[in-house]
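Work through the exercises below with the model open. Each task is followed by its solution.

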Amino acid sequence: DDAHCARCADLTLEHDRRFRATRGAQSLTATAVASGKPWEIHDAEHGTTLPGRLVRSPGDAATGDDATDEAADGIAAALAMYAEVYDRDSFDDKGADVLGTVHYDQNYDNAFWNGTQLVFGDGDGKAFGRFTRPVDVLGHELTHAVTERTAGLTYEGQSGALNESISDVFGISLKQRLLKQSAKQADWLIGEGIFLAGVKGTALRSMKAPGTAYDDPQLGKDPQVGDMKDYVDTSDDNGGVHTNSGIPNRAFYLAATAVGGSAAEGAGRIWYAALTSGIGADTDFAGFATATVDAAGEHADDVRKAWQGVGVTA
Ligand code: ASN
Ligand code: ZN
């Protein structure tokens, strides 16, 4: 609607200039690697009825609506990564159609998988812009569906933080794949480009340096931790699932840079093998560390050391 579009237009030229290169590279590559797997983008038109009106599916040209086109390109690219790198046929590995809804609600500062489909807000127009903008956020949410259909990690405590981390792992793998960056070249930021001008921060999370992504009067400081000695025991956020996920996130960063090459094709293959190896829903950090070491083959020492680097013994 007009109010929303006015807020979108508030993005400063500086903000746009900073992220234009990233966004262009991501969407061009996404279109180029579309896998032929089915997806549908719907528009909630700022309401909360799901899925909303169908606005784009494979074969359709770009609509000109940024949220719709970002969601389409990002979901197509995520499906292509799962197919080409992990030999996985959509989230259920049976070719399920992926539904995504954009323009959900008003001033909605989040994105989620609801057990059936993906949902994306436009942000509040003050601190947060569109949740479709960072391609790693699209990969993050689709990966919640993959985790649900594989390990089924319980969304609480350590298994919940692992669930969150696995979404960041394949989200960042997608981002780096589209940018054609090696693990060593990459910035390891999740949600880069989501903050509007004036926010003191670069992204939602840093996998390389958890706790350093933002420090802002409105938002507070990034609460993530990156070592077991700093593990946060809390009843908030399902037991700190978005806080303690920094620990396995940093283990993945350390493993991916040690293994070398691309995160998706290097350490990502090891993490995917562990996720689909038959681990239980209540797997903790140490249990998942062991599963990754067991899946790592010639890289077992690198992966064991990566977990040791965050205080977790495989
Ligand atoms: N963006 C959040 C997430 O994917 C929303 C949620 O489900 N808590 O973890
Ligand atoms: Zn999540």
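**Exercise 1.** How many residues of domain 1 are in contact with how many residues of domain 2?

Solution. This is a predicted model, where local features need pLDDT of at least 70, side-chain atom pairs count only at pLDDT 80 or more, and totals for chains, interfaces and linings use all residues. Residues are numbered from 1 along each chain as its sequence is written, while chains are lettered from A and ligands numbered from 1 in the order in which they are written.

Start with the bounds: domain 1 spans 2–149 and domain 2 spans 161–308. They come from an automatic or database domain assignment. Now apply the contact rule: C-beta atoms, placed from the backbone, within 7 Å. The result is 30 residues of domain 1 against 29 of domain 2.

Next, assign elements (DSSP runs numbered from the N terminus: helices are H or I, at least four residues; strands are E, at least two). On the domain 1 side, α2 (13–32), α3 (66–86) and α4 each supply at least two residues. That side divides into 15 nonpolar, eleven polar and four charged residues. Nonpolar means Ala, Val, Leu, Ile, Met, Phe, Trp, Tyr, Cys and Pro; charged means Asp, Glu, Lys and Arg; the others, Gly among them, are polar.

**Exercise 2.** Describe the shell around ligand 1.

Solution. List residues whose C-beta atom, placed from the backbone, lies within 6 Å of the ligand. They are N110, A111, F112, H140, E141, H144 and E164. Classify them: two nonpolar, three polar, two charged. Then map them: β4 (111–113) and α4 (135–149) each give at least two. The largest share, three residues, comes from α4.

Key. Contact = placed C-beta atoms within 7 Å.
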